Amino acid sequence: MTRQLFSIFLFLCGTVQVFAQNPAEWQFKIDKKDSLQVGDTLTFTAGWKGSSGYTWIFRMDSTTATVLEPLSGDTSIVVSGNETRYQLRLPFVFWGFQHDTLDPVSFVLENKTTGDSVWFNTPSLILNPKLFTTENDTLPRPEKDIFETGRPWWHYFLWILAGLLLAGVIYLIYRKVLKNRKSKNVSVEIVPVVEQSAWELFQLAMDDLLARQAIWPDDVKAFYSDLIEILKSYLERTTGSPVLEMTSDELLVWLNGKPGLKAVLPEMDELLNRADLIKFAKQNTVQSQMNLDFNSVRISVHKLETEKAPVQVTATNPDVKSESKGGSL
């Protein structure tokens with residue numbers, strides 16, 4: 001802070017009463033400094049004499065808060081007869097880079113019992129910082145992230161401009177590389193994508209569900225949801241009907257209209273009913289029943305594909321005997 005700044009401060013401090021609710025009751029001062037630069041501390045001291053029961057609070061506008069960061073302050077209360085003296089000593093760290101005129105800081109004493117309050121606004125601060133230290137200046141100062149420090153608007157404009165230039169350079173380099181690649185006439189081998197059949201997708205999904213057999217009892221609802229979803233997906237892929245969108249009742253009505261499927265899936269009524277009770281009525285079941293339902297779905301679908309693929313390994317269940325060649329049921 002320059003000497004000119006102190007002259008302004010002294011002038012403003014002499015006219016404090018303009019900014020106070022009751023001028024004669026307030027005192028205010030700012031610590032004197034010959035220079036002000038990033039990391040320096042300014043200390044405001046405000047005092048008020050009046051009745052007891054008040055508590056200090058203060059408010060800063062956004063512009064001031066960007067340049068001045070409040071630190072922990074000291075308060076004191078001295079009671080003498082019917083008069084109470086309040087004092088607040090509040091230091092601020094300066095983080096500005098440019099000449100600034102900051103709005104006043106409001107100091108308020110509030111009586112939370114009665115709701116009354118008295119206030120004092122500091123004079124507007126005219127800051128003209130010294131940006132560089134001298135060789136003999138070894139005073140340690142706090143540090144702050146450069147992006148959090150108050151600065152002129154054109155700094156941000158330069159950052160945006162630099163970002164746009166960098167993006168333009170990257171784009172030009174990309175265009176150059178892409179153009180060079182196209183000019184080399186490299187032959188690309190096109191590998192046809194083999195679409196998996198409904199049966200193959202069904203097997204993969206069932207194998208994945210079987211791999212999670214150890215955690216079936218931990219989430220029975222998830223097991224039955226996945227099992228019914230796999231079966232519906234297979235039926236939709238093989239028939240072209242929107243089976244995945246059907247409720248259990250709609251699926252049973254749909255199956256009744258397809259005697260061929262109904263004959264191969266004779267236990268669907270019981271399976272869907274059990275799955276709904278578990279999902280919606282929060283009933284539970286045992287591991288052996290889950291194994292039986294898993295095997296029932298795999299065997300039923302295998303019957304529809306009996307001419308296309310062998311039976312795969314099914315869920316382990318000591319209570320279920322081998323009923324079809326090609327795998328343990």
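1. Leu 158 is found in helix H3, which runs over residues 153-183, and in this predicted model its relative accessible area of 43% makes Leu 158 partly exposed. Leu 158 belongs to a nonpolar patch on the surface, formed together with Trp 154, Tyr 156, Phe 157, Trp 159, Leu 161 and Leu 165, and the accessible area of these residues comes to about 710 Å² together.

2. As for the chain as a whole, its secondary structure comprises nine helices and 10 strands. Of its 329 residues, 35% are buried, and the accessible surface comes to about 20,600 Å², with 55% of that surface belonging to carbon and sulfur atoms. When contacts between residues at least 6 apart in sequence are considered, 65% of them join residues at least 24 apart.

3. Helix H6 covers residues 248-256, and its buried residues are Ser 248, Leu 251, Leu 252, Trp 254 and Leu 255. These buried residues lie on the same side of H6, because the arc that they cover around the axis is only 160°. Asp 249, Val 253 and Asn 256, on the other side of H6, are exposed. The cover over the buried residues of H6 includes helix H5 (220-239), helix H7 (259-264) and helix H8 (268-280).

4. Helix H5 deserves a check of its geometry. Its 20 residues, at 1.5 Å a residue, should span 28 Å, and the end C-alpha atoms of H5 are 29 Å apart, which agrees with that expectation. After H5 comes Gly 240, whose phi is positive, near 80°.

5. The buried residues of H5 are Val 220, Phe 223, Tyr 224, Leu 227, Ile 228, Ile 230, Leu 231, Lys 232, Ser 233, Tyr 234 and Leu 235; a lysine, Lys 232, is thus included in that list. The partners against which the buried residues of H5 pack are helix H4 (198-211), H6, H7, H8 and helix H9 (287-304).

6. Leu 227 gives a residue-level view of this packing. Located in helix H5, Leu 227 counts as buried, with a relative accessibility of 0%. Once neighbours within four places in sequence are left aside, Leu 227 is in contact with Met 206, Leu 209, Asp 293, Phe 294 and Val 297. The C-alpha atoms of Leu 227 and Ala 205 are 9.0 Å apart in space, while the two residues are 22 residues apart in sequence.

7. Asp 293, one of the residues in contact with Leu 227, also takes part in a salt bridge. Its partner is Arg 274, and the closest N and O atoms of the pair are 2.6 Å apart. Asp 293 lies in helix H9 whereas Arg 274 lies in helix H8, so this salt bridge ties together parts of the chain that are 19 residues apart in sequence. Asp 293 counts as buried at 4% relative accessibility, and Arg 274 likewise counts as buried, at 17%.

8. Arg 274 has a further salt bridge, with Glu 270, in which the closest N and O atoms are 3.3 Å apart. Glu 270 and Arg 274 are four residues apart in helix H8, and therefore about one helical turn separates them. Glu 270, at 49% relative accessibility, counts as partly exposed, a value that falls under the cut-off of over 50% that would make a residue exposed.

9. The count of salt bridges comes to six. One of them joins Arg 85 to Glu 83, with the closest N and O atoms 3.6 Å apart; Arg 85 is partly exposed, at 43% relative accessibility, and Glu 83 is partly exposed as well, at 32%.

10. Ser 300 is a further residue found in helix H9. With a relative accessible area of 9%, Ser 300 is buried, and, not counting residues up to four places away in sequence, Ser 300 touches Val 264 and Leu 265.

Conventions:
Residues numbered from 1 in each chain as written. Predicted model: local features only at pLDDT ≥ 70, side-chain atom pairs only at ≥ 80, totals over all residues. Heavy atoms only, no water. Buried < 20%, exposed > 50% of the residue type's maximum accessible area, 1.4 Å probe, protein only. Helix = DSSP H or I, 4+ residues; strand = E, 2+ residues; numbered from the N terminus. Arc of directions from axis to C-beta. Contact = heavy atoms within 4.5 Å. Expected span 1.5 Å × (residues − 1). Patch = residues over 30% accessible without salt bridge, like charges linked within 9 Å, V, L, I, M, F, W, Y side chains within 5 Å. Areas by Shrake-Rupley, 256 points an atom, 1.4 Å probe, with all protein chains shown as cover. Salt bridge = Lys/Arg side-chain N within 4 Å of Asp/Glu carboxyl O.
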